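Visitor: I would like to go through this structure and hear what stands behind the terms used for it. Please set each value against its cut-off.

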Amino acid sequence: MKWLARRFERRKQDLTEELRTHIEMSVADRISRGESPDDARAGAQREFGNIAVIQDVTHNKWSWTRLERLHNDLRFALRVLGRSRGFTLTVVLTLAIGVGATCAMFTVVDRVLLRPLRFEDPARLVAITELGKRGSDQSGNAVYQDIAQWQQRSRSFEAFSFYDENNRRVWFLDGKNGTVHVSSASISANLFPMLGLKPALGRSFLPQDSGGSVKPADAHAVILSDAAWREDFGADPGVVGSVTHMNGESLTIVAVMPRAVVFPYGSGDWNGLPVVWRPIVLGDADLTRDHHAPHYWVLARLRKQTSFISAETELRTIQSDVAKAYTDPFDRDHVSSVALERYAHSLIGDKVRKATLSLFGASALLWLISCVNSASLMFARCTTRQREFAVRGALGAGRVRILQQLLVESAILSVLSSILGLVFALAILKFFEHGLVTQFNIHQTLRPDLSFMVTLMLLTVLGTFSVALWPAFGVLRTRFEAELRQGSPQAGMSRSQRRIGIALVIAQISLSITLLVGCGLLLRTIYALRHVDLGFRTEHVLVASMTIPSYRFGGRDMTDDFYQPLIDRVKRSPGVESASLMTEVPLGHTFSMIFTMRPSGHSDIDLQRREMKTQFRAVGPEMQQVFGFRMLRGRFFNQGDTATSPAVVVVNRAFVKAYFGDDRDPSAILGESLIGFDKKRRSTVVGVLDDERQVSVAEPSQPEMEISIPQITPDSMFYKAAEGVGMDVAVRTSNEPSQLIPELRNVLRASSPDLAASTFTTMDEVVEESFGSQKLAADLLEIFAGSALLLTLAGIYGVLAYFVAQRQRELGIRIALGAQQSHIRGLIIKQACWMLGTGLVFGIGLAYLSSRWLKVFLYDVKASDPWTGVAVAILLFAGGIAASLVPARRAASVNPVEMIRTE
Amino acid sequence: MPGTPPYKNKVEVLQGTLDMLILQTLQWGPMHGYGMVQAIRLKSSEVLQIETGSLYPALHRLERQRWVKSEWKITDSKQRAKVYKITALGKEQLLSDHERWQTMVRAIAAIMGPEKAQS
């Protein structure tokens, strides 16, 4: 900037000197011709003409003029803004908060909802699920026999492909540098071609026929994802064709997929592991329709020009026929119809969609408040500057020139606030990264969207500044003299201008009430969640989640050879009070099992029980010591329950309720023989646990059945599922749980090197994590609503302070005529109360309309909770009146003598 | 007012010919602004008087177009002055201006005829 100014200055001086020498030469000439020096100078100057005008005209020939004028405006604007630092800082901060928050939340919405799938023509991809009269069976996807029927009969689809997520379990793959964990999905041969995906290296699975099955020759093939290829095989291009091992099975790598390929959506999220794909080779089990047949998720591609509705109608008609092939009436009821959903849509749960949109809505509200706030600031400022504009106009500044000056000022403000807003957006995204990523399944990096930022800023500038600068334009349109003649600098606002100022403040108040109510509701939700009786202790409990390398234990009894020594070793570690194994701790998200009861009888009660789904856990007998579950009836497992003793199960109160209905005494279930345990034993119920929140803090207790790990033998029907996939170790510690992590890790490593990669969390963290979405929303809304409150209070203060400054003369006269100070103070506070009251009426209405958007987050509090409204009203009134005290005091202390003297 | 010819006796420089006159003057050698005014006045036998109000804007415009360039020099009379010089680009321009001028003069002469117009 400085060098530019110097440059302009030098050129100007240059020109002045050039013209001066011209005159000097002329004078010298004239003197040499015999004129007197005085005459000569006068003559030369007369001949030369108006120096200033010539200088100006010449100066205009330079190409720099426009730039120079801009430079002048810029300098002037910076000086003006620098002089009123408070104003500048407030406007920049206000806009930055609004723009930053909105930009951050837009980034989230964009990543979650707007990013199109990177598949060919994703609009034609649909997910198909079978569903029955009782709605969809969550694990309910289709058996191959049904898929084959669809393929043969339907005309609306180009292709049907299917896949299996393999229970989202962790697999052990032999990479270049030893065994690593991966996720694995099994896919039909036509899946990648249907999605329009081609391998980066190698070939796709070989199709057996058009049905999607993979050739048996390819049964032991595997395709690597880019991540697996890079992380585990060092991006070696020669890897295709080589043999590797997964869970002990030898597999041939046939292809590597390109970097962007993620399938199934969210698979990278299952365990945070790279994915590999196995082929689906159809077998004998696929020829049946009973519950032993493999069930697949189905994706299909609509033909071009086929509408979604007509495809759905067609498939439903076919399905009603397909369902007849089910001989068991109970099974038939589960598959009587199909549901189609656009694939892109099916990936994002309704809850997530609502959650992201409502958070985005909240940030947009904050943006609106910041716009209104800065508009009212600018507005007040412009009205005070009317005289400045009038003076400049009278001195010959063109209207365009004054306008340009104002535009330059707003441009500076918006550039500054954009930069600061970007910093805010980055900070919000960074600070909430963990919450956002886990709650909304975001797989791309969260970087603020620059183009959105620019668009938003333009919108802001357009909105805010056009409202604010309007009075300035008004001045430019009228004649300057009128403005100048009005005299006293305190003439100020007209009545209508004051009304606009008040309206802006009321708008701010009502908008921020909306945010405050939302925030209040979420805080109440968090409070309620924290005070839910979980039914177990969480303090001083450390949890290690292990992935079990069961393939290493082929032919051995893991209960005796692996788990018992492991837990004994853990118990002996210093600082451990008690420790227990369990397949998944309550509220955990590692490996949950759901058990579907299938009694074979056909009586009404049996049919009803076939509907029952229950949480299923295999636990150690020490579990009660660790978590302190309450027993309602009977006993928990103890050391006497062994592989040879009679098999026992423990259920919970919700199970009893689901099994017997509401009215039976829980003890009635004791002794009931529920399920077969292994070839020799049937298990009986020995105890009933009191209810506990095992799925989520916000959800009531689900039916649950527990078996004891020491009782499980390799021939038990539960052995593979319960012991072979994942297991948690819960440890009750005498000290701070996290201190024990290094020691425990060593113990696990000693049991099996694969366990060194286990993850450790404290139970308190698990609980906290389980109400993550509410916590995230509450934290974000606290920030948004807090900023909104501050902005609004600043707005109230600003407007009142401005009024007081404007009315000083009037107030002075009033005081001179005998008005009490308290009366003057009351005048200002009354004004504040009036604005607050009006804002409150509108705000509560708005809040009532908008808080339904928050329903998805709320727990134990209604969206129209009156107490939250009252609390918010009190908070706002207290804040608003506090903000008005300073201007009120200033008004009361106006010195009447001074005021009248200025006349 | 001795020494100052009445303004009306001067012939106004024809529109668009000022650039050409300046360039032509500079053909004779580098010169400063005052020198140019004097040179043109003498050459035209005191008929053409260049207004400084037109000269300097024109000079700066020509410089921007790179037909002339300028430099501060000490004159014979020991005075610092900004001296202008014609550039190669300016010479080309002068040539084409000159041709156009001659065409124009012939055309106007053909219209006006050899006789003097009667008043």
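Guide: One caution at the start: this is a predicted model.

Visitor: What makes A:Ala788 count as buried or exposed?

Guide: A residue is buried if 20 or more other C-beta atoms lie within 10 Å of its own. A:Ala788 has 30 such atoms within 10 Å, so A:Ala788 is buried. The residue sits in helix H27 of chain A.

Visitor: Which residues is A:Ala788 in contact with, leaving aside neighbours within four places in sequence?

Guide: They are A:Leu366, A:Ile369, A:Ser512, A:Leu515 and A:Leu516. The word contact here rests on C-beta atoms that lie within 7 Å. A:Ala189 is a residue to set beside these: A:Ala788 and A:Ala189 are 55 Å apart from C-alpha to C-alpha, and 599 residues apart in sequence.

Visitor: Which residues of the largest nonpolar core touch the most other members?

Guide: That core has 93 residues, and the ones in question are A:Leu366, A:Leu515, A:Leu516, A:Leu781 and A:Phe784. Helix H27 (residues 772-806) of chain A contributes the most to this core, with 18 residues. A second core, separate from it, has 61 residues, including A:Val570 and A:Phe655. As background, nonpolar side chains in soluble globular proteins tend to be buried together.

Visitor: What does A:Leu516 touch, not counting residues up to four places away in sequence?

Guide: A:Leu516 touches A:Ala785, A:Ala788, A:Leu789, A:Val872, A:Leu875 and A:Leu876.

Visitor: How do you know that the length of helix H13 of chain A is close to what is expected?

Guide: The expected span is 1.5 Å times one less than the number of residues. H13 (residues 350-384) has 35 residues, for which 51 Å is expected, and the helix reaches 51 Å from its first C-alpha to its last.

Visitor: Why is H13(A) described as largely enclosed by the rest of the structure?

Guide: Because 25 of its 35 residues are buried.

Visitor: What makes strand S5 of chain A mostly covered?

Guide: S5 covers residues 170-175, and five of its six residues are buried.

Visitor: How do you know that S5(A) and strand S6 of chain A pair?

Guide: Pairing requires at least two bridges between the strands. S5(A) and S6 (residues 178-187) have six bridges, so the requirement is met, and the sense is antiparallel. One position to look at is A:Gly175, which stands opposite A:Gly178 in S6(A). A hairpin of two residues joins S5(A) to S6(A).

Visitor: Why are strands S1 and S2 of chain B said to stand at the edges?

Guide: The sheet is open, with three strands in the order S1-S3-S2 and antiparallel pairing. Strand S1 (31-32) and strand S2 (68-74) each have a single partner strand, so one side of each is left without a neighbour in the sheet. S1(B) and S3(B) pair over two bridges, and two is the number at which pairing begins to count. B:Met31 stands opposite B:Tyr84 in S3(B).

Visitor: What is the secondary structure of chain B as a whole?

Guide: Chain B has four helices and three strands, and along the sequence they follow the pattern α-β-α-α-β-β-α. Of its 119 residues, 24% count as buried.

Visitor: How many residues of chain B are in contact with chain A?

Guide: 16 residues of chain B are in contact with 20 residues of chain A. H3(B) gives the most to that side of chain B, with seven residues. By class, the side of chain B that touches chain A has four nonpolar, eight polar and four charged residues.

Visitor: What makes the phi of A:Gln305 worth a remark?

Guide: Phi is near 65°, a positive value in a residue other than glycine. A:Gln305 lies in the loop between strand S12 (295-302) and helix H10 (308-322) of chain A. A residue is exposed if 12 or fewer other C-beta atoms lie within 10 Å; A:Gln305 has 6, so this residue is exposed.

Visitor: Why does B:Ser45 count as buried or exposed?

Guide: B:Ser45 has 7 C-beta neighbours inside 10 Å, and with the limit at 12 or fewer, B:Ser45 is therefore exposed. B:Ser45 is in the loop between H2 and H3 of chain B, and its phi is positive, about 50°, although B:Ser45 is not a glycine.

Conventions: Residues numbered from 1 in each chain as written. Chains lettered and ligands numbered in written order. Predicted model: local features only at pLDDT ≥ 70, side-chain atom pairs only at ≥ 80, totals over all residues. Core = buried A, V, L, I, M, F, W, Y, C linked by C-beta atoms within 7 Å. Contact = placed C-beta atoms within 7 Å. Nonpolar A, V, L, I, M, F, W, Y, C, P; charged D, E, K, R; others polar.
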